[in-house]
Amino acid sequence: MTGLEQLQALLRGEFPAPSMAQALDFWLHAVAEGEAEFRGEPSARVLNPMGQVHGGWAMTLLDSALGSAVHTVMALGEGYASLDTSVKFLRPITPHTGQVRALGKLQSRGRRIAHAEGRIEDQKGRVLALATTSCFIQPLQIAS
């Protein structure tokens with residue numbers, strides 16, 4: 001399957017959700033070529049010592065949206081690995097923020113490198129965090 005076909009199958013429930021997403025209360029909501037949207041429920045389970053949602057939760061949500069945007073343009077037999085990710089936190093996320101969405105969008109895809117950008121928004125559309133990533137594209141290694 002292509003990357004887009006894999007994510008579409010996940011949305012249809014043909015594949016189980018990744019355990020990371022289950023553990024952190026977020027999920028894939030929508031995909032299209034070069035785009036991915038995740039939704040997440042920030043809760044008291046992921047707080048830092050200051051009572052805000054830990055930045056790692058937001059970073060993981062963004063990493064999933066950005067990586068999935070890249071994943072949508074993987075051909076049969078291709079995979080990718082993150083080279084770097086940069087996140088800017090603009091507003092705090094708390095359990096009172098309510099459900100958030102992370103939007104990832106492919107910016108460019110070359111033969112070996114892909115770039116994506118994204119953001120987390122609250123239900124009012126306010127931007128809570130911004131991110132960029134670069135990914136290394138490589139042939140998948142099939143275990144024998």
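This report walks through the salt bridges, pockets, a hairpin and a helix of one protein chain. The model is predicted, not taken from an experiment.

## Salt bridges

How many salt bridges does the structure hold? There are nine. Three of them appear in the table.

| Acidic residue | Basic residue | N to O distance |
|---|---|---|
| D25 | R45 | 3.3 Å |
| E37 | R101 | 3.7 Å |
| E78 | R109 | 2.8 Å |

Start with D25 and R45, whose closest N and O atoms are 3.3 Å apart. D25 sits in the loop between α2 (19-23) and β1 (26-32). R45 sits in the loop between β2 (35-40) and α3 (55-71). The pair therefore ties together parts that are 20 residues apart in sequence. Are these two residues buried or exposed? D25 is partly exposed, with a relative accessible area of 27%. R45 is exposed, at 58%. An exposed residue is one with over 50% relative accessible area, so R45 passes the cut-off.

Next come E37 and R101, which meet at 3.7 Å, N to O. E37 belongs to strand β2, while R101 belongs to strand β4 (residues 100-109). The two are 64 residues apart, and the pair links distant parts of the chain. E37 is buried, with a relative accessible area of 11%. That follows because buried means under 20%. R101, at 27% relative accessibility, counts as partly exposed.

The third pair is R109 and E78, with 2.8 Å from N to O. R109 is in strand β4, and E78 is in strand β3 (residues 78-89). Here the partners are 31 residues apart, and they too link distant parts of the chain. R109 is partly exposed, at 31% relative accessibility. E78 is partly exposed as well, with a relative accessible area of 22%.

Some salt bridges share partners. In this way E37, R39, R101, R119 and E121 are joined into one network.

## The largest pocket

The largest pocket has a volume of about 350 Å³. Which residues lie closest to its centre? They are P18, F38, S64, S68 and Y80, out of 18 residues that line this pocket. Several elements give two or more residues to the lining: α1 (3-11), α2, β1, α3 and β3. Helix α3 gives the most, with six residues. By class, the lining of the largest pocket has 10 nonpolar, seven polar and one charged residues.

## The second largest pocket

The second largest pocket has a volume of about 220 Å³. Its lining holds 14 residues. L103, G104, K105, E117 and R119 lie nearest the centre of this pocket. R119 was met above, as a member of the salt-bridge network. Strands supply residues here: β1, β2, β4, β5 (113-121) and β6 (127-139) each give at least two to the lining. The class count for the second largest pocket is seven nonpolar, two polar and five charged residues.

## The hairpin of β1 and β2

In which sense do β1 and β2 pair? The pairing is antiparallel, over six bridges. Within it, F26 stands opposite G40 in β2. The hairpin has two residues between the strands. In this hairpin G34 takes a positive phi, near 80°.

## Two helices

Helix α1 has buried residues. They are G3, L4, L7, A9 and L10. What covers them? The cover includes β1 and α3. Both of these elements also give residues to the lining of the largest pocket, as does α1. After α1 comes G13, whose phi is positive, near 85°.

Helix α3 contains G56. G56 counts as partly exposed, at 26% relative accessibility. Along the chain, G56 and K88 are 32 residues apart. Their C-alpha atoms are separated by 12 Å.

Definitions and conventions. Residues are numbered from 1 along each chain as its sequence is written. This is a predicted model: local features need pLDDT of at least 70, side-chain atom pairs count only at pLDDT 80 or more; totals for chains, interfaces and linings use all residues. Side-chain values use heavy atoms; hydrogens and water are left out. A salt bridge is a side-chain nitrogen of Lys or Arg within 4 Å of a carboxyl oxygen of Asp or Glu. Helices (H or I, at least four residues) and strands (E, at least two) are DSSP runs, numbered from the N terminus. Buried means under 20% relative accessible area, exposed over 50%, partly exposed in between (1.4 Å probe, protein chains only). On a 1 Å grid over the protein atoms alone, a cavity is a set of points where a 1.4 Å probe fits but cannot get out, and a pocket is an open set with protein on both sides within 12 Å along at least five of seven lines; lining residues have an atom within 4 Å of a point. Grid points are joined across faces, edges and corners, and a volume is the space filled by probe spheres set on the points. Ala, Val, Leu, Ile, Met, Phe, Trp, Tyr, Cys and Pro count as nonpolar, Asp, Glu, Lys and Arg as charged, and the others, Gly among them, as polar. Two strands pair if DSSP finds at least two bridges between them. Contact means heavy atoms within 4.5 Å.
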